[in-house]
Amino acid sequence: MTKVRLLGHRQNRAVLHDLFPDTVATDGAMLTLGGVSAAELVAEFGSPLVVMDEATVRASARAYRETAPEALIAFGTKAFPNVAILRILAEEGIGADVSTLGELRFALAAGIDDGARLVVHGNNKSDAELAAAAEHRSLLVADSLEELDRARAAGVERMLVRFTPGIEADTHEAIRTAHHGSKFGLPPHDTLEALRRAPELEGLHVHIGSQLLTPGDAKTAVDWIATFAAKARAETGWTWRTLDLGGGLGVPTNEDESALPIRDYVGIVLEELERACALHRLELPSLVFEPGRSLVARAGVTLYTVGSVKQVASSTTYVAVDGGMSDNPRPALYGARYAALLANRADEEPTEVYAVAGKHCESGDVLIDRVTLPAGPRRGDLLAVPSTGAYTLGMSSNYNVTPAPAAVLVGGGSARLIRRRQTLDDLLALEA
Ligand code: LLP
């Protein structure tokens, strides 16, 4: 097996390689992940298939833990809600950020049942969710004044308040979360009111958005929240003990994007916090980070099987695959652009431009507008789409009564199922 082949002769192939998990390699013409060939994976587990590389998940977890060893790192479970992945992360010392009872059940099933490792979120928490936060003694992030009162009444002991500073993060507008008018958190005036009302509040939370490819906005958020903490101290006497900086670090999904490595990003944020605390003479609070995407995105590769190949215009040939917006809605929702290669022809030079269509009954179901593949993709070829470990399967739907794909974990030359494929019987069982 060799890594060199995937690098190919052209510079952009090296970048394509970087979108894949750490263990990607080729064996002859065949792509391998975690030491297992793509063809074997699909033969055993079916297609489409989400393949998660254990080594990459663990390495990402370690990058957070080693750069911020004192902080609680709570996985943004929504990025890939899966018990086996939560278990692996727990082994690496990572907790869970959950935003529904469902995500909480998954975290508990993975053995993350110590309240000190659980953060409960949500902009509209139900009574049951507040009661569960109290029962598990987790940290709860209050999202409104009304919820703060309800959470206290429910017996929640450890609480942060979510602060919305009014930052337009440089990302898709659907995943900005701390701008003026956001549905999340409290604007500065109401945050102050929360601190007056509940002086026992342990600290503040801020999450400005997701898929942040540069650190500038995260630094601004740190500056603003420290300035706010100083103002709150001056006006109310309250001081923070805990600061939760949310998630947000982006992961490239195509060759034109780049993002900071985890260690660099966390290092920059920590440095900015130290600087801001010194400036305002604030104590350094204990820290929480809630990374979702950056822990799992690059670990995931989706394998599809090519079906129909159809030229519809002189410049457009569609390569249709056996999945689409039901297993990855991100291109349709956020205009996300993905890269791909033919996993069973990984030794061939990509020379022709194609569009990759999903199989769903609408024109918007195009997974990739433009991708360079070896000439002449054929029925039965395997298409590998890297950087699909976050917000793909976790956001899947059953559109067109399509069962959700299976997920497998690879490493050390073997693969095991971590989520079985849905069946039509599963879907039919819900019908009355
Ligand atoms: N903490 C809070 C409070 C959040 O709302 C989120 C994500 C995270 C942490 C994790 O953020 P991350 O590190 O993954 O950026 N479906 C969208 C992303 C939505 C993110 C929602 N909140 C996508 O596919 O891009």
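Helices, as named in these exercises, are DSSP runs of H or I with at least four residues, numbered from the N terminus. The structure is a predicted model.

**Exercise 1. Which helix gives the largest share of the lining of the second largest pocket, and which domains does this pocket lie between?**

Solution. Begin with the extent of the second largest pocket, whose volume is about 440 Å³ and whose lining is made up of 23 residues. Nearest to its centre lie V251, L260, P261, I262 and R298.

Next, turn to the helices: α2 (11-19), α4 (54-67), α11 (262-279) and α12 (293-296) each contribute at least two lining residues, and the largest share, 4 residues, is that of α4.

Then consider the chemical character of this lining, which divides into 12 nonpolar, 5 polar and 6 charged residues.

Finally, the second largest pocket lies between domain 1 (13-46 + 299-428) and domain 2 (54-296), because both of them give residues to its lining.

**Exercise 2. How do the residues lining the largest pocket divide into nonpolar, polar and charged, and where does this pocket lie with respect to the domains?**

Solution. The largest pocket has a volume of about 720 Å³, and 32 residues line it, with K78, T177, F184, H207 and Y391 lying nearest its centre.

Sorting the lining by residue type gives 7 nonpolar, 14 polar and 11 charged residues.

As for its position, domain 1 (13-46 + 299-428) and domain 2 (54-296) both supply lining residues, and the largest pocket therefore lies between them.

**Exercise 3. How many disulfides does a search of the whole structure find, and do C277 and C361 count as buried or exposed?**

Solution. The search, carried out over the whole structure, finds 0 disulfides.

For the two cysteines, the relative accessibility has to be set against the cut-offs, which are under 20% for buried and over 50% for exposed. C277 has a relative accessibility of 3% and so counts as buried, whereas C361, at 62%, counts as exposed.

**Exercise 4. How many bridges join β19 to β20, and which residue of β20 is the bridge partner of A407?**

Solution. Strand β19 (residues 406-411) and strand β20 (residues 414-419) run antiparallel and are joined by 5 bridges.

Within this pairing, A407 has R419 of β20 as its bridge partner.

The last step concerns the connection of the hairpin, where 2 residues stand between the strands and G412 takes a positive phi near 60°.

Technical notes: Residues numbered from 1 in each chain as written. Predicted model: local features only at pLDDT ≥ 70, side-chain atom pairs only at ≥ 80, totals over all residues. Heavy atoms only, no water. 1 Å grid on protein atoms, 1.4 Å probe; cavity = no way out; pocket = protein on both sides within 12 Å on 5 of 7 lines; lining within 4 Å. Points joined across faces, edges and corners; volume = space filled by probe spheres on them. Nonpolar A, V, L, I, M, F, W, Y, C, P; charged D, E, K, R; others polar. Domains from an automatic or database assignment. Disulfide = S-S within 2.5 Å. Buried < 20%, exposed > 50% of the residue type's maximum accessible area, 1.4 Å probe, protein only. Pairing = 2+ DSSP bridges.
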